[in-house]
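This report describes selected features of a single protein chain. It treats a set of paired strands, a patch on the surface, and the chain as a whole.

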Amino acid sequence: MSDAVVPAPPPARRVGAPPVPLDLRLVALALTAWLTAFTAVARPDRAWWAAAAGAALLLVALLALLRHRRGARVVLVVTGCLLVVVSVALQHDRASAGGLTGLADRRVSGEFTALVRSDPHDLPPLRDGAPPRVVLDVRITAAEVRGTVRTGATPATVFADALAGAGGWRDVRWGDRVRFRGTLGPADPGRRSLVVVSAGPLTGAERPAGFLTVAETLRHGLRDAVAGQPADARGLLPGLVVGDTSALPADLETAMQDVGMTHLTAVSGSNTTLVVGFGVLVASWLGCGRRARLLVAAVGLVGFVVLARPEPSVLRAAVMGGVAMAGLAAGRPARGVGVVAAAAVVLLVADPWLAREFGFVLSVLATSALVLLARPWAERLTAAGVPRVVAYAVAVPAAAQAVCGPVVVLLNPAVNLVSIPANVLVAPAVAPATVLGLAATLLAPLWPAGAAGLAWPAGLCAWWIGAVARAAAGLPTSVPVPAGAAGAVVVVLLTLLVVGAAAAALRSRAPGARRRPLALAAVLVLSAALLVRCAPRWGGPAGPWPPPDWLVVGCDVGQGDAVVLRSGPSSAVLVDAGPDDVLVDGCLDRLGVDRLDAVVLTHFHADHVGGLAGALDGRPVGRVLVPPLAVEPAAGRVRRLAGPVVGTSAGDSGAAGEVRWSVLGPSAQVADLAAPDSGQVNDASLALLADVRGVRVLLTGDLEREGQRRARARIPPGTLVDVVKVAHHGSANQFPGLYRDVRPRVAIVEVGEVNDYGHPAAPTLELLTAAGARVLRTDRDGDVAVAGTASALRTLVRGSDPREAERRARHSDG
């Protein structure tokens, strides 16, 4: 649930008044504009061609309108889509003017000057003992690369160590101008950022003057005002007021995610409505007229946007919050849907990349639910005898949950049955916490002691919210559902059953009603319970995991490799062990592997050998194969864990159970490399051509372009493969001839959702698709499996386990 606004109960509508007809004329425009933006930002370099086609279509529609006096809606829809495409083209041209995207594919290093466009967000450390990291968005205005200075305005995502003090990224704020050294990398297609940067310490930082400085002073004042309160209140209150979650305890954040309460700490329409509504209320008390109150509302909205940072998500929330207030003030919720649609179109034209952000979709859906469903549902509850205040407290989160649930489940494949009750319990505390917290924020620079006094009751409200979240998260009420679209279908069906049961139960309470509606409610509740019981197994892409005839599985271990080749009923050959003990151990447990006939470690980087202890835990091992190039101290750790190891190189072959393999590279001479760099270690990866029950599998480790070229030369001419493990997590440094020649049917990309390099690269995905391969990615699909036989090959995915997300995110270098 997101951006739900708790309105004051309006006066009851006159009994017998005709219903307000739905005004859906702009909904078609909003939907087509959203689809256009979603598609256009995936290939913004082709947007001008789409704009030309749209202009021609608009001309035809205008001529038809002038000739036949019909087609005004078509003209409106085409105009909206054309504006979106032109916006994509113009913004992309401006963003790519500096020419950094071409350098990113080659991972060029340089010195950069940038404007910070978001506050830093914490990420887990790369490995145990390493410093924590942050991620933030910037706009690179100048880049000195290989002696050449390039200027522009390139949006970028920066990953850096979160050092405090001088040179520390954690202390930068929105609007700062920073200088730093770093290495460019390609960004995923469809993202607002065109490049990613792995950055070193700051070499310079300048804080802006003016309104942003005032805003930062106010935010700092709120943090000081709550400094003496308990940890939950100290971390939660700034999030409620201005979206500052820098001090939010990690376990409380997880609890709020589990019970669907994260919208409270995100700057949303509810924040803007409460803040602006409070200003309008004060103006009313002072006797201000309607125009003055509207002016106060506008000033309050702009001021809050500056205070909470004018990031895209905040601007979106401000627009949606204003729309929600307008719909509620008009008293015509059905017509408010058209206003929401118009606001969505304006936002998409201004920032088409919002189309690919879940926050935007949730905002539009939640606001639509508020203006369309919340009031009718509350009126039904009131008619059944529920007090009006309680009716609205229940109807608002229920409406938002009903509409947003199918989208939220795409982020977290689970439904918590106490989400709505938990939100109802905390609803009375949200408004006083936000309003008192805002008052403390404004008072802090003038009277810190007074601000601290105001912050105490606000902190008590925040403490209550945290206590409810922790208690609700501790209940065994989270129901897993299938990942992806199947889970969304399950949630839609569950919502329809629950809403239908509630409606039937309310109808049974009407005077003179028969028992039939109550019986229907009971049947619907039982159906919902049955659906909840069967949901984890119904409709999932893989059904029960693992498939009984699995052959090859790519384990979801974050940014690392762990590929399992089935060698017997309960045994396997493991190729690499990923970066984490727990993740690879869990993958093998799920597959029922209790013996490893062989372990192949392609090279000694941590993202391939770091989880070896977990793989070996409780499982006998036949032998461990390692490459000729030993890299210390990782090689020594492998020898201590696995005992004697067997070196292998190009020309060797072997078998274990039902798996046979030949080694394509590297040559034994690579053992003579002195002080090899990371690229040389990657290119010295073991490359295997394996056979699993007649299914041919090409395993490439982290080979880069030259290593792949050498491996290709050792593959017999005309050889085709069924499955390829894509080299180096799908990086851009690939030899296209390898994939074109072997023409894999399935390509497995072992990659972490959080990684510093923008893996997998868009050109690599296009190369695989052009070669005819179906691409499976562990960052999106979780554990992936190839099953069946060579003549009837099937691919299945398990979906990522959200409970392991933090552990996977710890390992994002590779």
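## Strand pairing around β16

In this predicted model, strand β16 pairs with strand β17 (residues 687–692) through six bridges, and the two strands are antiparallel. Within β17, V692 is the bridge partner of V659. Strand β16 itself spans residues 659–665 and is mostly covered, as five of its seven residues are buried.

Strand β16 also pairs with strand β15 (residues 653–656), again in the antiparallel sense, with four bridges joining the two. Here A656 of β15 stands opposite V659 of β16. The hairpin formed by β15 and β16 has two residues between the strands, and G657 adopts a positive phi near 60°.

## A nonpolar patch on helix α16

The residues V489, V492, L493 and L496 make a nonpolar surface patch of about 320 Å². One of these residues, L496, belongs to helix α16, which covers residues 485–508. L496 has a relative accessible area of 57% and is therefore exposed, the cut-off for that class being over 50%.

## The chain as a whole

The chain contains 27 helices and 23 strands. Of its 814 residues, 51% are buried. The exposed surface of the chain amounts to about 35200 Å², of which carbon and sulfur atoms supply 62%.

Contacts were also considered by their separation in sequence. Among those between residues at least 6 apart, 71% join residues at least 24 apart.

Key: Residues are numbered from 1 along each chain as its sequence is written. This is a predicted model: local features need pLDDT of at least 70, side-chain atom pairs count only at pLDDT 80 or more; totals for chains, interfaces and linings use all residues. Side-chain values use heavy atoms; hydrogens and water are left out. Patches are made of residues with over 30% relative accessible area and no salt bridge: like charges are joined within 9 Å, nonpolar side chains (Val, Leu, Ile, Met, Phe, Trp, Tyr) within 5 Å. Accessible areas come from the Shrake-Rupley method with a 1.4 Å probe; for residues, only the protein chains shown count as cover. A salt bridge is a side-chain nitrogen of Lys or Arg within 4 Å of a carboxyl oxygen of Asp or Glu. Buried means under 20% relative accessible area, exposed over 50%, partly exposed in between (1.4 Å probe, protein chains only). Two strands pair if DSSP finds at least two bridges between them. Contact means heavy atoms within 4.5 Å.
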